[in-house]
Amino acid sequence: MRLTVSEILLRSKEGPIIEEKQFDLSIFKKTQELKKKYEIRYDPEHPIDVTGSLADRVFQAGRELFLDIGAYCTTTRRAIKVTEKELDEEIAACPEEITLGQGQELIRMVHRSVEGNEEPVVVAGIQTTPFSDENMMFTIYRLCAQDRCVDGIWGGILLKIDGQHEVIAGTPSEIYQYCKTIAILRRAIEAAGRPGLITISNAPTSPATIAMFDEKDGLRRSDYIESTGMSEMKVAYDDLNRSAYGLAHGVPIHGTHSSVIGGFSAIPEGAAMVSVAASLQLVAIHKAVCFRCGAVDSRIKSRVTRGQLWVAGTAIQGLSRNTKLIVDGSIGDHPAAGPGTKQYLYESAAGHIVSTVMGAHSTEGTRKYVVGNTCNFGTPLESRWMGEVCKAAAGMDRKQAEKIIKYLLNKYESHLKDAPDGDTFEHLYDQRTLEPVSEYKRIYDEVKAELHQLGLNFRN
Amino acid sequence: MEKGQLTPEEKSLLDSMEEAIIALDESQAVAVAEKVLSSGIDPKAAIRYAIANAAVAVGEKFEAGEYFLPQLVISGDLMDVVTKILERNIPQTETEKKKIIVIGTVQGDVHSIGKNIVATMLKSVGFHVVDLGVDVTSATFIEKAKDLKADMIALSSLLTTTMPYQKEVIDDLVSMGLRDRFKVMIGGGPVTKAYADTIRADGYGRDAIEAVEDAKRLLLAEG
């Protein structure tokens, strides 16, 4: 029996009043205490926990953290808490398998085990970076959708509506733009011959996210709705609006949250506990049936630093080993380097291998850390890479994964702060043939061959 | 009074207060601050040296990856506590007026971590920082800045679709004839120096450390 949204709302109104700063500091104090209690230690020499015992302790610590401090509701300035019994019931009530997509593109998203052979679901497509115009958006998404190694596509944003009006969150332009772009994405997947493909998009505000749902031209019940937990361990009514919509209309709820290395959990050990705790928050409070268990680093604009790989990988492994929840990792979705570079491919591969081997899916698209408003800053080849790597890593054991991760870290780790910017679709794809330019294809093939040599069994 | 003019005992007392702040030891810092107060050391000099040195040391630990956001927050609070103790012996008219910065994440945007780090680091180097939180409207920024007689408005945005709200604050200040009254600094993941120049912001920080340096340049250089 799961707690209802009404019960969660009640607790958000009647839970303990706490100053936000005190809640933030309680994360720090509690994680420091739990680090000692559960003897959790991050060893940079081992970016992957190959035995699982450390991951188990991280899971127990994260669970205790969530039960102790709850989640902070920024709307009501109160902590929302659940009991141990309620949390156990929430976890037990979550499905081990959901179906997404339609027709020939219908797929099962299952609980994945560590080193499991279960097929990871890959939702690629370019997130965050704006597209210059509707035609460009349509073309890039059609090409992404044509690639059979991806199971779904993330929707993006247009720089301007009708080429002239700015898109501003919280204004009618946001709703108009997001509805328009999801319709373009639907047309693109139909043009690619895959009308049932999963489509996902998430707007800054809940009204715009909810407005995108339309069985004919928008998001469908066979897609999922995102309910985001704010870093770290926080929730606002705007997030719960999305959950309420999902529950009311039978749309699967996908939660997402990132712990912050250097944030209030401070160190990697603390961030790993927060990653677990926030995942449980997404299940118990946001009513998610699958969720992204992630980590960011407050100092480096890449999500695949050595510390992040350990944090997210250990948390995912802990969740996979100790529950039957459906976990999404998507660790490789924010490289420091841009499209068209070897470093992008190395960073992306490292994250997606860790996600997959530790027991997660990867459904958060491709993108780099966005700086400025450079348009069309991504190509279908990064989607293919994400799909190829995730599918190839299924079934790999942790020791082999660690060997590859160390190789990849050695390739990019010292260049995270001066990563190459990469280039745009216009420069990386021949605009006549709509194929990657030879130089980009050569880079792609070389990196693929390198990883194949290391033991990644690509399907093609 | 220069630090060199202190007696060895006075210097030792200020050093131990500085060390207690750096070590985040509240009870020790408070106890030493009380001793400093009763020792006859000029409290303004004590603030100027011991607390300023502690702030620098904490900042260095942050940059070195030894301290993180929680330690910045705790040390900032501790510096406030110690300063209040020392100010008991300073006439109201002589207390140093800190430059005031109103900071927040703009409307439609709920990302807070980067803004929190910048706010805490600005506080640790001696600014009076008023954090308005996230999803803050232009009207609220301007109203608070007016009420507090702030020197700067600092605007964070993590989304390309909320960056226009940074421009809106500047445009509103212009429309209200208040643009010259406040420095405006912007930052956040997708924000660039070029964008800051385009919307005529005074300052920009690519990261927290740059933001602090730019705030110092804008607010302290003018005296």
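1. In what order do the three strands of the open sheet in chain A lie? In this predicted model, the order is 5-7-11, and the pairing is parallel. The edges are formed by strand 5 (123–124) and strand 11 (198–200) of chain A, each of which pairs on one side only.

2. Strand 5 of chain A runs parallel to strand 7 (residues 152–154) of chain A, and two bridges join them. For A:Val123, the bridge partner in strand 7 is A:Gly152.

3. A helix of chain A packs against this part of the chain: helix 6 (residues 172–191) lies across strand 7 and strand 11 of chain A. Its direction makes an angle of about 160 degrees with strand 11 of chain A.

4. Chain A and chain B touch through 27 residues from chain A and 20 residues from chain B. On the chain B side, helix 4 (69–87), helix 5 (113–124) and helix 8 (193–198) each supply at least two residues. Helix 4 of chain B gives the most, with three residues. By class, this side of chain B has 12 nonpolar, seven polar and one charged residues.

5. Helix 5 of chain B merits separate comment. Of its 12 residues, 12 are buried, so the helix is largely enclosed by the rest of the structure. Among the buried residues are B:Ile113, B:Lys115, B:Met121 and B:Lys123.

6. The length of helix 5 of chain B is as expected: at 1.5 Å a residue, its 12 residues should span 16 Å, and the end C-alpha atoms are 16 Å apart, which agrees. After helix 5 of chain B comes B:Gly126, with a positive phi near 110 degrees.

Notes: Residues numbered from 1 in each chain as written. Chains lettered and ligands numbered in written order. Predicted model: local features only at pLDDT ≥ 70, side-chain atom pairs only at ≥ 80, totals over all residues. Pairing = 2+ DSSP bridges. Helix = DSSP H or I, 4+ residues; strand = E, 2+ residues; numbered from the N terminus. Contact = placed C-beta atoms within 7 Å. Axes fitted to C-alpha atoms, helices over the stretch in contact; angles between N-to-C directions. Nonpolar A, V, L, I, M, F, W, Y, C, P; charged D, E, K, R; others polar. Expected span 1.5 Å × (residues − 1). Buried ≥ 20, exposed ≤ 12 C-beta atoms within 10 Å, placed from the backbone.
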